[in-house]
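Student: I've got a structure open and I'd like to practise reading it. Can we go through it with questions and answers?

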Number of protein chains: 2
Amino acid sequence: MFDYKLLVALAAVVEQAGFDRAAQSLGLSQSAVSQRIKLLEARLGQPVLLRAAPPQPTEVGRRLLNHVQQVRLLERDLQGQVPGLQESRLPERLRIALNSDSLATWWPGAVAPFCTRHGVVLDHVLEDQDVGLKRMRAGEVAACVCAVERPLAGARSEFLGAMRYRALASPAYVVRHLKPGAPVEALLQAPAIVFGPDDQLQHRYLAALGLKGAFSHHLCPSSEGFVRLLQSDLGWGLVPELQVSAELASGALVDVYSGEPIDVPLYWHHWRNGGELLGELTRQLSRAVRQLLIH
Amino acid sequence: MFDYKLLVALAAVVEQAGFDRAAQSLGLSQSAVSQRIKLLEARLGQPVLLRAAPPQPTEVGRRLLNHVQQVRLLERDLQGQVPGLQESRLPERLRIALNSDSLATWWPGAVAPFCTRHGVVLDHVLEDQDVGLKRMRAGEVAACVCAVERPLAGARSEFLGAMRYRALASPAYVVRHLKPGAPVEALLQAPAIVFGPDDQLQHRYLAALGLKGAFSHHLCPSSEGFVRLLQSDLGWGLVPELQVSAELASGALVDVYSGEPIDVPLYWHHWRNGGELLGELTRQLSRAVRQLLIH
């Protein structure tokens with residue numbers, strides 16, 4: 001068997017984003033955590049962590065993290081049958097990668113009954129919907145919500161439904177930047193709001209209008225900040241309808257052009273041998289999203 | 001003079017979080033960007049980047065990035081006096097580190113008139129209020145909103161005001177987990193919501209009630225997600241009053257104990273020789289926060 005003391009130290013350093021906090025979370029000294037990582041590296045004959053801030057797992061480190069995730073889920077099943085085996089009494093944690101817009105809209109309501117029934121707490125890891133799978137590949141999360149359908153080897157993916165995005169701005173912004181009769185190219189000069197470097201929705205919207213090339217934009221990696229910047233007349237951007245139903249009804253936000261919305265499909269990725277707990281969460285999510293997402 | 005082609009390549013790799021996107025943003029091939037970084041490292045005789053994903057600046061890399069930030073701001077001043085000097089026609093970008101709760105509440109309204117008047121777009125970099133300064137020390141941002149008063153060498157800090165946080169939960173959560181007459185220790189068993197590993201507000205609230213030690217918690221690195229998890233009866237947590245005035249008024253969220261709120265002071269940090277633009281932003285923020293934050 002592997003020496004799980006060493007693997008748990010590795011997982012703690014990555015999950016807690018540092019040796020100091022990893023030591024705290026494990027109730028060890030920082031030097032004890034360092035020694036465990038060094039011992040693991042000596043056994044493997046190669047590094048498992050890049051000592052950056054925060055520490056990054058190497059390729060082999062990622063594979064080990066993946067393995068720890070899966071063992072934890074299997075342990076949980078066994079614990080249901082053989083109580084008392086678990087060392088600590090803190091509730092089970094599930095680490096899940098998802099996009100910020102899901103966390104800000106449909107996710108909490110969909111997952112709440114599951115957490116309450118099973119006494120599970122969640123570590124949410126935010127990633128844009130096009131790249132969330134890399135966290136799962138990296139072994140940092142047990143499951144992932146993202147826009148990519150194709151599952152990783154050893155995993156399953158299921159269609160959850162789509163989120164509908166509309167290109168919106170405040171009426172004052174539209175009056176200032178997009179005068180009636182102005183050519184559609186005016187959108188390239190009018191500042192946009194983009195969630196982050198991985199957010200391609202604004203690019204896709206412009207491309208659908210036949211517009212290419214660089215455009216002026218603010219970067220705002222916060223779903224709520226994004227909507228507040230729109231309301232402060234600072235830009236236009238693509239927002240989930242779910243998030244701004246009140247603002248659309250009151251006219252505080254309006255469509256910049258009468259264009260097609262963009263529907264972003266969301267898939268639920270989970271390890272095939274992820275245990276009973278992950279299976280139960282999967283079943284519950286499939287039911288809950290029927291009302292919340294577009295099918 | 002330094003060779004700014006090389007420094008701009010370094011800045012692009014860090015700001016765009018990768019060689020590939022850095023190349024795109026500079027209109028170069030990826031190998032051209034790599035060569036510039038290698039040439040810079042050959043001249044310095046030491047690495048400027050750790051090749052992690054995303055690439056991290058080394059100590060000397062950070063000093064160079066700091067320098068690039070300040071030169072950019074000085075160039076902007078000169079450009080006002082000597083138009084036509086600027087190579088590209090895209091609007092000026094200011095990179096600013098701030099906490100998610102500021103971005104989700106008072107920041108957009110406070111900064112909007114400045115952006116509109118000066119045609120500036122913003123890159124927001126999210127960091128918890130206790131650690132935002134590290135982004136400025138790392139040379140990644142021109143200014144920073146954080147809870148630490150002491151400025152870096154070469155920088156100034158100004159008090160903006162305080163954000164008031166209250167420990168809140170949904171009425172259903174309170175009924176389920178915090179029965180009337182239950183001892184205050186019940187809070188340690190009732191799941192909390194914590195923004196991320198750097199968020200110590202829940203710890204401080206528990207410590208003020210005389211409670212110590214580990215407590216069960218969800219991690220949710222999204223301001224809007226945080227409030228939605230509270231409303232989905234999943235936990236208690238400290239939320240800015242500014243963000244939930246409607247929920248407090250309607251009774252959708254209530255205080256978990258009649259305890260004192262926590263006021264988090266916010267300071268504005270900016271480089272002393274940061275140029276006229278940063279000076280103008282500083283003046284405008286000081287005016288705008290008078291209505292928005294607690295003094």
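Tutor: Sure. One definition to start: copies are superposed by least squares on the C-alpha atoms of residues with pLDDT of at least 70 in both. Keep in mind that this is a predicted model.

Student: What relation do chain A and chain B have to each other?

Tutor: A rotation of 180° superposes chain A on chain B, with 0.1 Å of shift along the axis and an RMSD of 0.1 Å. That's the relation of a two-fold axis.

Student: Which residue of chain A has its C-alpha nearest the axis?

Tutor: Look for the C-alpha in chain A that is 2.8 Å from the axis. That C-alpha belongs to Glu224(A).

Student: How much of chain A's contact surface recurs in chain B?

Tutor: The contact takes 45 residues from chain A and 44 residues from chain B. The same surface serves both copies, and the share of chain A's contact residues that recur in chain B is 98%.

Student: What area do the two chains bury between them, and which three residues of chain A supply more than any other three?

Tutor: Chain A and chain B bury about 3600 Å² between them, with 59% of it on carbon and sulfur atoms. Of the area that chain A buries against chain B, 13% comes from just one trio: Leu219(A), Glu224(A) and Arg228(A).

Student: Which residue of chain A meets Asp198(B) in a salt bridge?

Tutor: The rule finds 2 salt bridges across the interface. In one of them, the side chain of Asp198(B) has a partner in chain A at 2.6 Å, N to O. The partner is Arg21(A).

Student: On to the rings. How far apart in sequence are the parts that Trp107(B) and Trp268(B) tie together?

Tutor: The whole structure has 8 aromatic pairs over all chains. Trp107(B) and Trp268(B) form a tilted one, 6.1 Å centre to centre with 35° between the planes. Trp107(B) is in helix α6 of chain B and Trp268(B) is in strand β11 of chain B, so the pair ties together parts whose separation is 161 residues.

Student: Are those two Trp residues buried or exposed?

Tutor: Buried means under 20% relative accessible area. Both Trp107(B) and Trp268(B) are buried.

Student: Why is the pair of Phe159(B) and Tyr267(B) called tilted?

Tutor: Planes under 30 degrees apart count as stacked and over 60 as edge-to-face, with the rest tilted. The ring centres of Phe159(B) and Tyr267(B) are 5.5 Å apart and their planes are at 55°, so the pair is tilted.

Student: Which of these two residues is buried, and which is partly exposed?

Tutor: The pair links strand β6 of chain B, where Phe159(B) is, with strand β11 of chain B, where Tyr267(B) is. Phe159(B) has a relative accessible area of 45%, which makes it partly exposed. The buried residue, at 11%, is Tyr267(B).

Student: What should helix α1 of chain B span, going by 1.5 Å a residue?

Tutor: The expected span is 1.5 Å times one less than the number of residues. This helix has 12 residues, and its end C-alpha atoms agree with the expected value of 16 Å.

Student: Which residue with a positive phi follows that helix?

Tutor: Look in the loop between α1 and α2 of chain B. The residue there has a phi of about 60° although it is not a glycine, and it counts as partly exposed at 31% relative accessibility. The residue that follows α1(B) is Ala17(B).

Student: Where is Asp233(A), and what is its phi near?

Tutor: Asp233(A) is in the loop between α11 and β9 of chain A. It is partly exposed, with a relative accessible area of 22%. Its phi is positive, in a residue other than glycine, and near 70°.

Student: Last one: how far apart are the C-alpha atoms of Val141(A) and Trp271(A)?

Tutor: Val141(A) is in the loop between α7 and β5 of chain A, and it's buried, with a relative accessible area of 0%. Its contacts, leaving aside neighbours within four places in sequence, include Gln69(A), Arg95(A) and Trp271(A). Val141(A) and Trp271(A) are 130 residues apart along the chain, yet their C-alpha atoms are separated by 9.9 Å.

Note on methods: Residues numbered from 1 in each chain as written. Chains lettered and ligands numbered in written order. Predicted model: local features only at pLDDT ≥ 70, side-chain atom pairs only at ≥ 80, totals over all residues. Heavy atoms only, no water. Contact = heavy atoms within 4.5 Å. Phe/Tyr/Trp six-rings, centres within 6.5 Å; stacked < 30°, edge-to-face > 60°. Helix = DSSP H or I, 4+ residues; strand = E, 2+ residues; numbered from the N terminus. Buried < 20%, exposed > 50% of the residue type's maximum accessible area, 1.4 Å probe, protein only. Buried area = accessible area lost by both parts, 1.4 Å probe. Salt bridge = Lys/Arg side-chain N within 4 Å of Asp/Glu carboxyl O.
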